[in-house]
Structures are given as C-alpha cells and as structure tokens.
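Here is a short briefing to read with the model open beside you. Please take a moment to look over the fold before going on to the notes.

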Amino acid sequence: MADLTLRESTPDDIPATARIYGHWVTHGLASFELDPPGEAEMARRRDAVLAGGYPYLVAEAGGRVLGYAYASAYRTRPAYRFAVENSIYVAPDAGRGGVGRALLEALIARCEAAGFRLMVAVIGDSDNAPSIGLHRTCGFAHAGMLPAVGWKHGRWVDSVLMTRPLGAGATCPPA
C-alpha cells in the first residue's frame, strides 16, 4: 500500500482498534475472547502495554486506521523479561494488502531496539494460514501447537506457537 503510514498509537485510535478487534472476536478464531471488549477496556489495555514499555502501533491510509499491532510480556515471571508476545489485527477489508506485514516488521524492529531477544506468536486456529504465513515470511519458526486448547464458535480450536529471535537472540547474555 503506497500511502500506508505506520505510527505510534494514540488515544484517538481506540474506537478504530476496538472495531477491528471486535470484528475478529465476533467472527474469527485469532482471539479466544468470546465477547468484544468496549472502548474503555481497549483503552485500559493499551495503557497497560505502554506502561510496560512495549510498543503499540497503528497502520493508517487515507486517514483510516487499517490495523494495529503491539508487543506485551510473554509471561510475567522475571526470567521471561526478554521475551515478548506479538498481537496483530487488520481490518477485515484490508487483509492481504501488506498491512499486517508492515506492522509486524515495524514491531520486530522496535522490540529489537528495546533489547528484547525473542518474539512469540500465539496464533489462534491451526487453519489460520494467513497469520502463520505472515509470521513465517517475517522469520518466525514453528515452535509447537496446543491442540484443541479453546472452544469457540461451536468447535475446538488449536493454538500454534511460533518464535523469532530478536537482535542477538540467545547467542549471548542480555545487556
């Protein structure tokens, strides 16, 4: 997308990100939430990500938010402090146009610059070929699968785990 702009999220983006996420909660399997959170909850979550020192990005074109991505703690125990989990959601009418890839590449760069060493993708639905392919294209490798770990839309859903080293990865101790 020629006019795609990536930038840091602002509070003004909350209505758009809530709509995008709400669509996928209601109609997809990428998120295991069953009910879309409201704007106040989405704002609270964004604030928590930023307070943790993690990036939260949006992609826009023509003044419209087409997607968003953020990193967060993979797990809360201190030994995991150099690992992040990514989350990427693209508007349903903007898929397959490069928005997800642009967001993921920018997120990876920001997490590397911040000194993180591993990015983990927890992908809902082993049939989610677009997300699995996107992550593979951006250097992620398959790390495992949790079979039938969630129940949504009347069926059991797997989670696919993929990982990507950041910066020096595990080749040396962190600074």
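The notes below cover the core, the paired strands and a patch on the surface.

Please keep in mind that this is a predicted model. Its largest nonpolar core holds 45 residues, and strand β3 (residues 64-73) is largely enclosed by the rest of the structure.

**The nonpolar core**
- Y68, V84, L104, M119 and F140 are the residues that touch the most other members of the largest nonpolar core.
- Helix α3 (residues 99-113) supplies the largest share of this core, with 8 residues.
- Once neighbours within four places in sequence are set aside, the contacts of F140 are N86, L104, I108, M119, A121, H135, M162, T163 and R164.

**Strand β3 and its partners**
- Strand β3 counts as largely enclosed because 7 of its 10 residues are buried, that is, under 20% relative accessible area.
- Strand β2 (residues 56-61) runs antiparallel to β3, and 6 bridges join the two.
- A61 sits opposite R64 of β3.
- The hairpin formed by β2 and β3 has 2 residues between the strands, and G62 in the turn shows a positive phi of about 60°.
- Strand β4 (residues 83-90) also pairs with β3, antiparallel and through 7 bridges.
- Y70 has S87 in β4 as its bridge partner.

**A patch on the surface**
- F32, L146 and V149 make a nonpolar surface patch of about 240 Å².
- V149 belongs to strand β6 (residues 141-152).
- V149 counts as partly exposed because its relative accessibility is 45%.

Note on methods
Residues are numbered from 1 along each chain as its sequence is written. This is a predicted model: local features need pLDDT of at least 70, side-chain atom pairs count only at pLDDT 80 or more; totals for chains, interfaces and linings use all residues. Side-chain values use heavy atoms; hydrogens and water are left out. A nonpolar core is a set of buried Ala, Val, Leu, Ile, Met, Phe, Trp, Tyr and Cys residues joined through side-chain atoms within 4.5 Å. Buried means under 20% relative accessible area, exposed over 50%, partly exposed in between (1.4 Å probe, protein chains only). Helices (H or I, at least four residues) and strands (E, at least two) are DSSP runs, numbered from the N terminus. Contact means heavy atoms within 4.5 Å. Patches are made of residues with over 30% relative accessible area and no salt bridge: like charges are joined within 9 Å, nonpolar side chains (Val, Leu, Ile, Met, Phe, Trp, Tyr) within 5 Å. Accessible areas come from the Shrake-Rupley method with a 1.4 Å probe; for residues, only the protein chains shown count as cover. A salt bridge is a side-chain nitrogen of Lys or Arg within 4 Å of a carboxyl oxygen of Asp or Glu. Two strands pair if DSSP finds at least two bridges between them.
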